[in-house]
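Here is a short, friendly briefing to read alongside the structure. It looks at surface charge and then at aromatic rings.

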Amino acid sequence: MKKTMRKRLLILGMGVFLFTHTVLAESLISYATDFQAEEEARRALPIESNSYEEWPDGPAVGAQGAILMEAETGTILYAKNIHEELYPASVTKILTCLIGAERCQMDEDVVMSHEAVFSIPRDSSNIGLDEGEIITVEQCLYGILVASANEAANALAEHVSGSMEEFVKLMNERAKELGCQNSHFVTTNGLHDEQHYTSPYDLALIAKEFFKNELLCKMSSTPTYHIPQSPTQPDDDLYANTHNQLLFPGGKYNYEYVVGSKTGFTQDSRQTLVSCAEKDGMRLICVVMREETPHQFEDTISLFEYGFANFQKLNIAANEKEYTVENHDFFQTESDVFGESKPILSINPSDSVVIPITAVFEDMDSELTYDTESESSVASIQYTYHGIPVGSATVDLAEGEADNTFDLEDRQNMETEPADTEEETDASPETEEKIVFVNVRVVILWIIGIAGFFILIFVIRAVINNYQFAKRRKVRNRHKKRKRFPSEFDDFDF
């Protein structure tokens, strides 16, 4: 009887176990299927940049929002819902680390407070730092960017601003300074909050500034980092390990051109990824938001390959011909009446444009404006390709006899003298400096005109003075004539 009862209970238990796991498996399959269906629907969404005139068609991606931006010029090569407000998850940390790097020295000590450690969920990303432990700012940044450590992000924020609340205010201020328009940050680490959001475009602007810092690039491209034992940090096995498959050596999604990258995920945000890659002198920033794994890596690589294969970066000073001779009043002329004088203005030699490889420099439209924020610049030239902004250049004041300026004779010699070697011939178009000359003849004509004006005033004044002098002279002569005839009253005193 007892054996029969045990068998029945065992069978019942196995049935419950199988039923529970079957239901759970079906739920997980249904859950995954729902997100896969959503991803397929997102993949079918329109890509705004594919409607640009004579612009290369970009790949379809499963992200809700995606952008590919050239890092130096800010040219947008690929655009899909780039201004939509979405949850960023842990890619928030690129802004946290940017501010930390801007405001701290790398050897400063960061203390793990109780709130920094215990305000995060236990199952969220961390590197196991305990309350009261102290690490350097550099170690803190590595922990955040490599392992996405939430407690380290909180502690860094407290170190910079005194509290996480004050640091969040700083995050929003810095985002506005960078030009962000659809962002509002609530947390230092990106843990979900309905009021914590940004857009692909805004993230690209933040990333553009982040990847200017070579140390941050190095940290965000590191797959693993060891924080050694110290008097203020007792654990010897404290390692930060990345989950970013773009960085796995020899991995399926390892990308050789990556400069740096940061992942993010919450149930509400889904997969997010911000990355930077450089090839042949062109540095691109890619942002994908609300994506499913592992497609955030596949789509990022696909967008990078699209950018490198379909666009070219051209130096403006080496190609610009419109703003040199007989165009604008001070953008003239090929002659220099002073012989050896140096140019006063020049196009910034480091400025570039990014256009499709099927286009040439002359295909662009340009506009000269005198609205510039730089004290060393007097104007700027804005370039567009079929209405799409593709870059700009500043017109700068020459500083003394710098190496990047030369006079007209030097320019003419460079244009007429053959190069000594084939290598020099190939290099000359790239190294030639674009010089903008002042039209000295116009200046002289202005001087002559002003001088003529003052001479005319002087002549008119002289004529008036002479006329008045002649009139007084006639009056005196009349008085003299009267006195020549004596009067009968001359001998009397009155």
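**Surface charge and aromatic pairs**

Aspartate 363 sits in the loop between strand E12 (352–356) and strand E13 (365–369). Please keep in mind that this is a predicted model. The points below start from that loop residue and then turn to the rings.

**The charged patch**
- Aspartate 363 has a relative accessible area of 39%, so it is partly exposed.
- Together with Glu53, Glu54 and Glu362, Asp363 forms a negative surface patch.

**Aromatic pairs**
- The count of aromatic pairs comes to 14 when ring centres within 6.5 Å are taken as a pair.
- One of them joins tyrosine 52 and tryptophan 55: the ring centres are 5.6 Å apart and the planes stand at 75 degrees, so this pair is edge-to-face.
- Tyrosine 52 is partly exposed, because its relative accessibility is 23%.
- Tryptophan 55 has 6% relative accessibility and therefore counts as buried.
- The rings of phenylalanine 304 and phenylalanine 308 have centres 6.4 Å apart and planes at 20 degrees, so they make a stacked pair.
- These two, phenylalanine 304 and phenylalanine 308, lie about one helical turn from each other, because they are four residues apart in helix H9 (residues 295–310).
- Buried is the label for both phenylalanine 304 and phenylalanine 308.

**A ring cluster**
- Which residues do ring pairs link into a cluster? They are Tyr52, Trp55, Tyr78, Tyr306, Phe311 and Tyr385.
- Two residues described above, Tyr52 and Trp55, are among the members of this cluster.

Terms used. Residues are numbered from 1 along each chain as its sequence is written. This is a predicted model: local features need pLDDT of at least 70, side-chain atom pairs count only at pLDDT 80 or more; totals for chains, interfaces and linings use all residues. Side-chain values use heavy atoms; hydrogens and water are left out. Patches are made of residues with over 30% relative accessible area and no salt bridge: like charges are joined within 9 Å, nonpolar side chains (Val, Leu, Ile, Met, Phe, Trp, Tyr) within 5 Å. Accessible areas come from the Shrake-Rupley method with a 1.4 Å probe; for residues, only the protein chains shown count as cover. A salt bridge is a side-chain nitrogen of Lys or Arg within 4 Å of a carboxyl oxygen of Asp or Glu. Lys and Arg count as positive and Asp and Glu as negative; His and the chain ends are not counted. The place of a charge is taken as NZ of Lys, CZ of Arg, CG of Asp or CD of Glu. Buried means under 20% relative accessible area, exposed over 50%, partly exposed in between (1.4 Å probe, protein chains only). Rings of Phe, Tyr and Trp (its six-membered ring) pair if their centres lie within 6.5 Å; planes under 30 degrees apart count as stacked, over 60 as edge-to-face and the rest as tilted.
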